[in-house]
Amino acid sequence: MAKKALILVEGTRNTGLLYIQSTKYLGLHPIILSANPARYDYLAAEGNEAVHVDTDNLDALIRECSRLRATYDIAGITSSAESFYATVGKLCRHFDLPGPNPASIERCCDKFAQRQLLAGAGVPVPAYRVAANATDVESSAAEIGLPVILKPAVGSGSRGVRLCRNIDELAEQTTYLLGGKHIWRSSPRILVEEFAQGPYYSVDIMGNEVIGVAAADFGRPPHFVFRECTYPALLTDDEHQRIADVSLSCLPALSLGWGPTNIELRWTKCGPTVIEVNPRLAGSPNPEMVQLAYGVDLVTEHIKLVIGDEWNLSRRHSHTATVQCLLPDRDGTLDWIDGDSLAAAIPGVTQVKLFVKPETPIVRRGDYTDKIGHIIAASPTRAQTAAILQRAVDLINWSITPFPTAGEREQYAAPYLPD
Ligand SMILES: Nc1ncnc2c1ncn2[C@@H]1O[C@H](COP(=O)(O)OP(=O)(O)OP(=O)(O)O)[C@@H](O)[C@H]1O
């Protein structure tokens, strides 16, 4: 009998590995299709099967999956990467496998189209405009009123997202987005949005069911780099219900509801306001934290759905899990970083990850790549988790020597390619 395999189209820095591990846990053989398998260090390290293919080309992907079908029983196709999730939907349709609706995913990934659909359905969203040039940005900001958020209409990881508090910041960010530093995959479109002020919440939905709600905060403005995130968010029953209701109202508005959806909100003076609907699982470490807090393994349950099995979303416990991100306070060369082993040895610390090695240049871009590591702690109570995490964080130290010349900073701050 042919071996059962799960095809993963590309991946993400951390969640991709979770998908591989869950695939194996379910007794399936993972096969990764990638335009550049070398970009995932976890592929070589674990001896996983990777096939080199142009993942931007649907026909090439169909050919490759057809070829693999000669050897394997393909149980399902999925991805942890948002930019390939619509393609996954098309592949699933082609091979008659369970999968997301590709048209819904495509619409949802366009933040302007998403805003229009949500606003049209009466879901609370910040005021928004779309702009293609500096003049449009200025007039949109004038209509909405400062402060505003500027962000690319398509993107993830907070890349290019910035709070603009005055005209100078607005001009600076417009130049950044349109002046060649930001890489656009299609013609530039900038969203200009009202700054929805208030606490931030992230909601994990599977199908039509809210599984978890986290509260998070960010490093220093004008950027939005996650600093800390806790499951479950501290909410009254009524607040939880209002967040769940607004979140679930996004699904019919966007024709979503198959598999995982992650919704980001802020609780403004008008109540829960939707910042973004992501038509996929939240990125790592959220799935790990959902497992610690509620005992539900979202990645494994997603794969069960993908291969046509029944998922089990029942909560097994109610703990508090918090991640603290390690954010550098300056640019320069990382001389050393230590304390990770000591921190990891503290009971209740479940994960200590460092993403950088000594001698690495650190250039903060104001997005998710600024994180140099994170620590996760979990325990049955909120107070205990906070105390464990504080002990662990206090053990991690590092030193960064500023770059000697501005030129050196520029050299490392060269534009980077999207995932
Ligand atoms: N209009 C807004 N009002 C308030 N905060 C906002 C607004 N737009 C974006 N943000 C903040 O910026 C962060 C990143 O924005 P957004 O989610 O749109 O970008 P992204 O690139 O899709 O990021 P991610 O992949 O993390 O979801 C949000 O988590 C939110 O905290």
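**Backbone oddities, one loop at a time**

E10 sits in the loop between strand 1 (3-9) and helix 1 (15-25). This is a predicted model, so take the backbone angles that follow as computed values from that prediction. E10 is not a glycine, yet its phi is positive, at about 50°. Most residues other than glycine have a negative phi, and most peptide bonds are trans. That's the backdrop for the rest of this tour.

Is E10 buried or exposed? Count the C-beta atoms around it: 24 others lie within 10 Å. The cut-off for buried is 20 or more, so E10 counts as buried.

Now hop along to S158, which also has a positive phi without being a glycine; here the value is about 60°. S158 belongs to the loop between strand 6 and strand 7 (162-164). How many C-beta neighbours does S158 have inside 10 Å? There are 19, and because a residue needs 20 or more to be buried, S158 counts as partly exposed.

Strand 6 has a loop on its other side too, and that's where the peptide bonds come in. P147 lies in the loop between helix 7 (134-144) and strand 6 (148-152). The bond leading into P147 from L146 is cis, with omega near 0°.

Which residue does a cis peptide bond join to P232? Look at Y231: the bond between Y231 and P232 is cis, with an omega of about -10°. P232 falls in the loop between strand 11 (226-231) and helix 9 (237-253).

Conventions
Residues numbered from 1 in each chain as written. Predicted model: local features only at pLDDT ≥ 70, side-chain atom pairs only at ≥ 80, totals over all residues. Helix = DSSP H or I, 4+ residues; strand = E, 2+ residues; numbered from the N terminus. Buried ≥ 20, exposed ≤ 12 C-beta atoms within 10 Å, placed from the backbone.
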